[in-house]
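This report considers a single protein chain, residue by residue. The reader is invited to keep the sequence and the structure in view throughout.

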Amino acid sequence: MFHRIRRRAKGPSEAQRQLAEAHARLQGQVPPGFGVPAPEPESVEPAVVVDDFLPPELRVPSHDQVEGTMMPWKQPLVLDGEMAACTECGAYRDWLILSTRGDIWLRCRAGHQQQEARIDTVWFNRHSGPADSTHATFEDCLRHLGH
């Protein structure tokens with residue numbers, strides 16, 4: 001501590017004087033390129049566009065392109081403690097459950113369809129597995145599922 005006090009009492013050292021002189025010389029100077037507008041970028045050729053997306057035969061349609069989805073339900077369907085049955089023929093098993101834009105429909109093996117209000121889209125999505133195929137028409141899908 002006393003060494004520092006004695007050094008300060010002697011005055012600035014030679015190195016400190018040189019630093020102060022260099023600082024005074026550079027005080028008014030501006031670094032090169034400061035305040036000069038940036039040069040215009042050279043024209044760059046546009047990048048080549050490469051279509052690396054899947055080929056059309058491997059693409060899956062998005063949700064807005066699909067009218068609905070369906071899944072088979074072989075066992076009896078119990079909703080709110082009651083077994084669902086066809087209103088026309090009385091069938092109670094081997095259903096196709098169709099989800100079409102928020103509505104759920106049940107289709108029996110005989111081809112009768114009835115809207116089911118006790119099932120919502122959340123239930124359908126929770127119980128349906130991943131889609132194994134897509135079909136252009138409703139009849140094609142029925143054939144695929146064996147109805």
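The following text discusses salt bridges, two buried residues, a surface patch, a glycine and unusual backbone angles.

## Salt bridges

The model is predicted, and the values given here are computed from it. The count of salt bridges comes to 7. Three of them are set out below.

| Salt bridge | Closest N and O atoms |
|---|---|
| Glu-67 and Arg-101 | 3.7 Å |
| Asp-94 and Lys-74 | 3.4 Å |
| Asp-94 and Arg-109 | 2.8 Å |

Glu-67 forms a salt bridge with Arg-101. This pair links distant parts of the chain, with Glu-67 in the loop between α2 and β1 and Arg-101 in the loop between β4 (95-100) and β5, 34 residues apart. Glu-67 counts as exposed because its relative accessibility is 59%, and Arg-101 counts as exposed because its relative accessibility is 54%.

Asp-94 also forms a salt bridge with Lys-74. Here too the pair links distant parts of the chain: Asp-94 is in the loop between β3 (82-83) and β4, whereas Lys-74 is in the loop between β1 and β2 (78-79), and the two are 20 residues apart. Is Asp-94 buried or exposed? With a relative accessible area of 15%, Asp-94 is buried, since the cut-off for a buried residue is under 20%. Lys-74, by contrast, has a relative accessible area of 46% and is therefore partly exposed.

Asp-94 has a further partner in Arg-109, with the closest N and O atoms 2.8 Å apart. Because Asp-94 lies in the loop between β3 and β4 and Arg-109 in the loop between β5 and β6 (113-115), the pair ties together parts that are 15 residues apart in sequence. Lys-74, Asp-94 and Arg-109 are joined into one network by salt bridges that share partners. Arg-109 has a relative accessibility of 42%, so this residue counts as partly exposed.

## A buried arginine

Arg-107 belongs to strand β5, which covers residues 103-107. Which side chain of opposite charge is nearest to Arg-107? It is that of Glu-139, at 7.5 Å; Arg-107 is buried yet has no salt bridge. A salt bridge would require a side-chain nitrogen within 4 Å of a carboxyl oxygen. The side chain of Arg-107 does, however, make a polar contact with the side chain of Gln-113, at 2.8 Å. Beyond the residues up to four places away in sequence, Arg-107 touches several others, including Asp-94, Trp-95, His-112, Phe-138 and Leu-142. Asp-94 thus appears both among the contacts of Arg-107 and in the network with Lys-74 and Arg-109.

## A buried phenylalanine

Phe-124 is placed in helix α3, residues 121-127. Because its relative accessibility is 2%, Phe-124 counts as buried. When neighbours within four places in sequence are left aside, Phe-124 is in contact with Thr-69, Met-70, Met-71, Ile-97, Ser-99 and Ile-104. One of these, Ile-97, is 27 residues from Phe-124 in sequence, and the two C-alpha atoms are 8.2 Å apart in space.

## A surface patch and a glycine

A nonpolar patch on the surface is formed by Phe-53, Leu-54 and Leu-58, which together have about 330 Å² of accessible area. Leu-54 is found in the loop between α2 (14-26) and β1 (69-73). Its relative accessibility is 44%, so Leu-54 counts as partly exposed.

Gly-68 also lies in the loop between α2 and β1. With 33% relative accessibility, Gly-68 counts as partly exposed. Apart from residues up to four places away in sequence, Gly-68 touches Ser-99 and Thr-100. How far from Gly-68 is Arg-17, C-alpha to C-alpha? The separation is 85 Å, and the two residues are 51 residues apart along the chain.

## Positive phi angles

Most residues other than glycine have a negative phi. Against this background, two residues discussed above deserve mention. Asp-94 has a phi near 60°, a positive value in a residue other than glycine. Arg-101, which lies in the loop between β4 and β5, likewise has a positive phi, near 50°.

Notes: Residues numbered from 1 in each chain as written. Predicted model: local features only at pLDDT ≥ 70, side-chain atom pairs only at ≥ 80, totals over all residues. Heavy atoms only, no water. Patch = residues over 30% accessible without salt bridge, like charges linked within 9 Å, V, L, I, M, F, W, Y side chains within 5 Å. Areas by Shrake-Rupley, 256 points an atom, 1.4 Å probe, with all protein chains shown as cover. Helix = DSSP H or I, 4+ residues; strand = E, 2+ residues; numbered from the N terminus. Buried < 20%, exposed > 50% of the residue type's maximum accessible area, 1.4 Å probe, protein only. Contact = heavy atoms within 4.5 Å. Lys, Arg positive; Asp, Glu negative; His and termini not counted. Polar contact = N/O pair within 3.5 Å; in protein donor to acceptor, adjacent residues only side chain to side chain.
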